[in-house]
Amino acid sequence: MKKIIIFSILCLFSIIHAEEKLHIKADVFEIDGKTNQVVASGNVVVTLRDVNIYGKYCTYNQKAQLVHMTKTVRVVKDEMVLTCNEVIADGQKEIISAEGGIRFNYKTIKGQSEYALYELGKRHVSLTGTPRAWQGEDELLGEVIEIDLEKVKIITKGKAKVRLTIDKLKEGTKSFND
């Protein structure tokens, strides 16, 4: 006898972690009591603290408190949106690891990379794997690009290149020599 129970419900069904900091909604759930693995599919929304993660498919390991989402994933927190191919959300450490085709948008900052790490407690995102970031027309490239969401600030680590745009002085404005 299979130990998999399949719930197929027309309306959304949800699983809530005991402390309610991790919440999963989906159209369909499969729960394997033997492995403590939950598979959710169809309109999946994972909420870790106050961050929503949207996708079509995820697995959840109840013992490790790990959510693994694949197939075009979107991470949203207030004005921050991060899209990627795959996410692992760690409910214990409160971090979100993203991989593949990262696109990042937050207020005036845009970025892209192959990998991203979002530390929820620090409100901090690190981009690695050929990262690039833009703020307005200014562009930064580096080994690691860190984005402080509190201060709306970009920091590069390791070898970096910066391309800045300098506004030209308009006619009639005073120069530094005046």
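Reader: In which strand does E146 lie?

Author: In this predicted model, E146 lies in strand β11, which covers residues 138-148.

Reader: Is E146 buried or exposed?

Author: A residue is called buried when its relative accessible area is under 20%. E146 has a relative accessibility of 13%, so E146 counts as buried.

Reader: Which polar contacts does the side chain of E146 make?

Author: The side chain of E146 makes a polar contact with the side chain of H124, at 3.4 Å. It also makes a polar contact with the side chain of K157, again at 3.4 Å. Setting aside residues up to four places away in sequence, E146 touches H124, V125, S126, K153, I154, I155 and K157.

Reader: How does strand β11 join β12, and how many bridges are there?

Author: The two strands run antiparallel, and nine bridges join β11 to β12, the strand of residues 153-163. One pair can be named: the bridge partner of I145 in β12 is T156. Regarding side chains, the general idea is that in a regular strand they alternate between the two faces of the sheet.

Reader: What lies between β11 and β12?

Author: The two strands form a hairpin with four residues between them. V152, in the turn, has a positive phi of about 50°, although V152 is not a glycine. V152 belongs to the loop between β11 and β12, and with a relative accessible area of 23% it is partly exposed.

Reader: Where is D78 found, and what is the sign of its phi?

Author: D78 is found in the loop between β5 (66-77) and β6 (80-90). Its phi is positive, about 50°, and D78 is not a glycine.

Reader: Does D78 count as buried or exposed?

Author: The term exposed applies over 50% relative accessible area. D78 counts as exposed, because its relative accessibility is 62%.

Reader: Let us turn to another strand. Where does G111 lie?

Author: G111 lies in strand β8, residues 109-119. It is buried, with a relative accessible area of 6%.

Reader: Which residues does G111 touch?

Author: Leaving out residues up to four places away in sequence, G111 touches I102, R103, F104, L127, R132, A133 and W134. For one of these, W134, the separation along the chain is 23 residues, while the C-alpha atoms of G111 and W134 are separated by 6.1 Å.

Reader: With which strands does β8 pair?

Author: β8 pairs in the antiparallel sense with β7 (residues 95-106) over 10 bridges. With β9, residues 124-128, β8 pairs in the antiparallel sense over five bridges. With β10, residues 132-135, the pairing is antiparallel over four bridges.

Reader: Which residues are bridge partners in these pairings?

Author: Between β7 and β8, the bridge partner of Y106 is I109. Between β8 and β9, E119 has H124 as its bridge partner; H124 is also the residue whose side chain makes a polar contact with E146. Between β8 and β10, the bridge partner of K110 is W134, a residue that G111 touches.

Reader: How many residues lie between the strands in the hairpins of β8?

Author: The hairpin of β7 and β8 has two residues between the strands, and K107 takes a positive phi near 45° there. The hairpin of β8 and β9 has four residues between the strands, and R123 takes a positive phi near 50° there.

Reader: Which residues touch the most other members of the largest nonpolar core?

Author: That core has 39 residues, and I24, V46, I53, V67, I96 and F104 touch the most other members. F104 is also among the residues that G111 touches. Apart from residues up to four places away in sequence, the contacts of I53 include V44, V45, V46, M69, V75 and I96.

Reader: How many helices and strands does the protein have?

Author: The protein has zero helices and 12 strands. Of its 178 residues, 38% count as buried. Its accessible surface comes to about 11,100 Å², of which 51% belongs to carbon and sulfur atoms.

Reader: What is the mean pLDDT of the protein?

Author: The mean pLDDT is 82, and 82% of the residues reach 70 or more. Over residues 1-19 the pLDDT is below 50, and this stretch has 40 contacts in the model beyond near neighbours in sequence. Over residues 168-178 the pLDDT is also below 50, and this stretch has zero contacts beyond near neighbours in sequence.

Technical notes:
Residues are numbered from 1 along each chain as its sequence is written. This is a predicted model: local features need pLDDT of at least 70, side-chain atom pairs count only at pLDDT 80 or more; totals for chains, interfaces and linings use all residues. Side-chain values use heavy atoms; hydrogens and water are left out. Buried means under 20% relative accessible area, exposed over 50%, partly exposed in between (1.4 Å probe, protein chains only). Contact means heavy atoms within 4.5 Å. A nonpolar core is a set of buried Ala, Val, Leu, Ile, Met, Phe, Trp, Tyr and Cys residues joined through side-chain atoms within 4.5 Å. A polar contact is a pair of N or O atoms within 3.5 Å; within protein, one must be able to donate a hydrogen and the other to accept it, and residues adjacent in sequence count only if both atoms are side-chain atoms. Two strands pair if DSSP finds at least two bridges between them. Accessible areas come from the Shrake-Rupley method with a 1.4 Å probe; for residues, only the protein chains shown count as cover. pLDDT is the predictor's confidence in each residue, from 0 to 100.
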